[in-house]
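Work through these three short exercises with the structure open. Try each task before you read its solution.

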Amino acid sequence: MEERQRMKKDLEMVLRLNNTLDYDNREDVEKNYNRILQERLFQTSLGERYTKKLEKMVYGAAPPQNCIFCKGIRDNASVICDKCQTLYGRQVHLEKESVSAQYGGKAAVEEKPDKAPAVAEIDAEQLAALSKQAAEAFRGSLDTFTSKINEMAGGSGAVDLKLRDLFSSVFKKHTRAESEEIFIAGTLKTTPAESEIAVSWPKPWLFSRVWLALLVSYSLLYICSAQFYNANTLPGLMFIGALVMPFSVLIFLFETNAPRNISIFEVVKMFFVGGAASLVLTLFLFTIFPVGELDYIGAFIVGVVEETGKLLAIILFVKALKPKYILNGMLIGASVGAGFAVFETAGYAFRQFEAGVAWGFDKGIDRMAEVLFLRGWSSLGGHVAWAAVTGAGLVLVKGAGSLTKSNLTNRRFQKFFLIPVILHGIWDCPFMGGSMEYACIKMAVLIVTIWIVILVLLHAGLKQIERICADEEQTAEIRNKN
């Protein structure tokens with residue numbers, strides 16, 4: 001459906017709701033507001049504007065004094081003045097009459113003559129050929145994209161992402177000793193020598209157990225809050241609900257850190273301190289670069305400010321830990337990004353509960369659970385992944401040396417930093433009038449995109465370790481000869 005048709009459809013729906021809705025009855029307003037969200041009735045900025053007006057009224061605000069169309073003072077109890085209601089109502093009615101006359105009356109409108117040519121049947125061979133062409137086109141585009149990222153990371157050629165190998169250990173049985181071995185990595189006694197670092201494609205699995213454990217904890221806390229109405233469990237519910245996905249992704253990247261030189265203690269420290277510090281730095285930057293309405297420009301300002309806030313926190317830990325491996329930078333960035341994501345999501349959950357509890361404890365729990373679910377699955381490719389790319393890019397240009405200002409002005413780092421900034425800006429952009437359906441599709445595409453970048457950087461990190469080990473072996477041979 002074209003934009004013009006969607007706008008007409010939304011206009012008709014707004015006018016219809018405006019005629020039937022009792023704006024003085026909060027229950028009636030909330031019922032229609034929930035119906036709009038559940039059925040996704042609107043797909044344009046017009047419908048979004050009307051929905052926002054209803055949302056304010058649901059949360060206790062008085063009906064707006066200005067008409068949502070002409071901005072003039074309304075002369076009735078609705079949100080549209082009588083003049084605009086009549087004017088736009090007449091336009092919609094005239095358009096219906098025009099269509100009706102074109103097809104020979106009202107009955108014909110409901111069943112328009114099918115003038116489209118019959119679609120030729122596609123046999124199995126043609127369908128298989130089309131599928132093969134589509135797969136080849138996708139593969140070609142993917143190879144081009146991975147090749148570009150790989151070149152930025154210092155490699156060459158397309159990268160085989162090996163997804164089947166990457167997740168091959170998730171559904172296998174593992175012992176407690178295996179999980180303990182992973183968690184004790186990074187200490188003085190457990191960090192492997194450079195020549196002993198495994199450079200094969202990693203097969204992480206512990207992250208899935210962490211995810212399951214957090215999900216079970218969240219479910220139990222949800223029962224306490226929703227079934228037994230125990231308000232004491234709400235803070236835990238909000239925090240664990242916000243923690244489930246970001247922390248699991250963080251453990252995934254902890255497992256893929258092949259050098260195994262950063263302990264879980266350091267990761268947790270960066271998660272809490274780095275996450276909180278990045279929030280403080282971001283809020284400070286927002287005082288300098290304030291964002292008004294979250295339109296296209298505002299969305300990209302948010303992307304620049306929040307990614308810069310996380311970058312500043314990442315810099316602090318890169319200076320402290322002095323890493324030289326790309327995979328170290330990815331883990332440091334992910335730790336800061338995960339903390340940022342969890343604290344931010346917990347805040348949104350609290351605000352949604354606070355807004356909904358005015359209508360009852362159950363309503364507050366429902367609204368909180370909705371935001372935790374949405375921000376939970378979408379965090380798979382949000383702050384954690386974005387900050388991971390920033391950290392990897394920073395350590396990539398820094399190498400074994402000390403971090404300097406020239407690293408931040410390095411063109412290669414700036415290219416990597418632009419990736420999360422641009423993806424973050426697109427993430428917040430109100431495409432298609434802010435429709436939830438289109439927003440979910442957009443987020444899914446962005447999640448896939450950032451994870452392709454991360455997997456290419458994972459490949460580049462393993463190649464970097466191979467080169468370092470090879471250089472060390474050559475140096476040792478030269479020393480032995482001399």
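Helices here are DSSP runs of H or I with at least four residues, numbered from the N terminus. The model is predicted.

**Exercise 1.** Place N257 and decide: is N257 buried or exposed?

Solution.
- Start with the location. N257 sits in the loop that links α10 (234-255) to α11 (264-288).
- Next, take the relative accessible area of N257, which is 2%.
- Buried means under 20%. N257 is therefore buried.
- Now look at the side chain. N257 and N261 share a side-chain polar contact of 3.5 Å.
- Last, set aside neighbours within four places in sequence. N257 then contacts I262, L327, N328 and L331.

**Exercise 2.** Check the span of helix α2 (residues 26-39) against the expected value.

Solution.
- Count the residues: α2 has 14.
- The expected span is 1.5 Å times one less than the number of residues. For α2 that gives 20 Å.
- Compare with the model. The end C-alpha atoms of α2 are 20 Å apart, so the two values agree.
- Add the burial pattern. V29, E30, N32, Y33, N34 and I36 are the buried residues of α2.
- Step past the helix. R40, just after α2, has a positive phi of about 50°.

**Exercise 3.** Describe the setting of T187.

Solution.
- Find the loop. T187 lies between α8 (176-183) and α9 (206-227).
- Read the relative accessible area of T187: 34%. Partly exposed runs between the 20% and 50% limits, so T187 is partly exposed.
- Compare sequence and space. T187 and F265 are 78 residues apart in sequence, yet their C-alpha atoms are 9.4 Å apart.

Conventions: Residues numbered from 1 in each chain as written. Predicted model: local features only at pLDDT ≥ 70, side-chain atom pairs only at ≥ 80, totals over all residues. Heavy atoms only, no water. Helix = DSSP H or I, 4+ residues; strand = E, 2+ residues; numbered from the N terminus. Buried < 20%, exposed > 50% of the residue type's maximum accessible area, 1.4 Å probe, protein only. Polar contact = N/O pair within 3.5 Å; in protein donor to acceptor, adjacent residues only side chain to side chain. Contact = heavy atoms within 4.5 Å.
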